[in-house]
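Trainee: Could you take me through one part of this model in detail, with the elements around it?

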Amino acid sequence: MTLFWVLWGIDAVISLVVLYFFFIGLVDGSVSSFNMGLWVMILLGIGAIMLGSLWLKSNDYLRIAKIVLGILAVPGLLYALFMLMIIITKPRWN
């Protein structure tokens with residue numbers, strides 16, 4: 001059960017980052033009617049992952065709930081590790 005909450009916490013942080021960029025985009029105008037459909041689909045997908053995993057856990061499908069949380073957590077962790085590697089190693093990009 002601890003793995004579930006760790007994955008859920010990682011997904012919650014990723015969700016907050018996506019919401020932050022969404023609201024910043026609304027303020028500066030980069031989220032417009034042209035791409036609002038994409039943003040709505042992204043936000044609905046993240047909401048489905050977060051709420052769906054809680055629903056699966058409450059109905060005793062813990063293994064499937066962890067797999068659903070992994071859909072968002074694994075790429076997020078890989079990206080965080082990549083950024084950490086870039087910060088630590090300071091590569092030359094030329």
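Mentor: What follows is a close look at helix α3, its surface and the helices that pack against it.

The model is a predicted one, and helix α3 covers residues 62-89. Among the residues of this helix is Leu84, which has a relative accessibility of 44% and therefore counts as partly exposed, since that class lies between the 20% limit for buried and the 50% limit for exposed. Leu84 also belongs to a nonpolar surface patch, in which it is joined by Val74, Leu78, Leu81, Ile87 and Ile88, and the accessible area of these residues together comes to about 620 Å².

Turning to the packing, the axes of α3 and helix α2, which spans residues 36-58, come within 8 Å of each other and cross at roughly 165°. Because angles over 145 degrees fall in that class, α2 is roughly antiparallel to α3, and the crossing of these two helices is left-handed.

Helix α1, made of residues 2-28, also packs with α3, with the two axes 9 Å apart and an angle of about 45° between them. An angle of this kind is neither under 35 degrees nor within the roughly perpendicular range of 65 to 115, so α1 and α3 are described as oblique to each other, while the crossing of α1 past α3 is again left-handed.

Within α1 lies Val27, whose relative accessible area of 73% is over the 50% limit, so that Val27 counts as exposed. Between the C-alpha atoms of Val27 and Ile64 there is a separation of 37 Å, and these two residues are 37 residues apart along the chain.

Conventions: Residues numbered from 1 in each chain as written. Predicted model: local features only at pLDDT ≥ 70, side-chain atom pairs only at ≥ 80, totals over all residues. Heavy atoms only, no water. Patch = residues over 30% accessible without salt bridge, like charges linked within 9 Å, V, L, I, M, F, W, Y side chains within 5 Å. Areas by Shrake-Rupley, 256 points an atom, 1.4 Å probe, with all protein chains shown as cover. Salt bridge = Lys/Arg side-chain N within 4 Å of Asp/Glu carboxyl O. Helix = DSSP H or I, 4+ residues; strand = E, 2+ residues; numbered from the N terminus. Buried < 20%, exposed > 50% of the residue type's maximum accessible area, 1.4 Å probe, protein only. Axes fitted to C-alpha atoms, helices over the stretch in contact; angles between N-to-C directions. Left-handed = near helix turned anticlockwise from the far one by under 90°.
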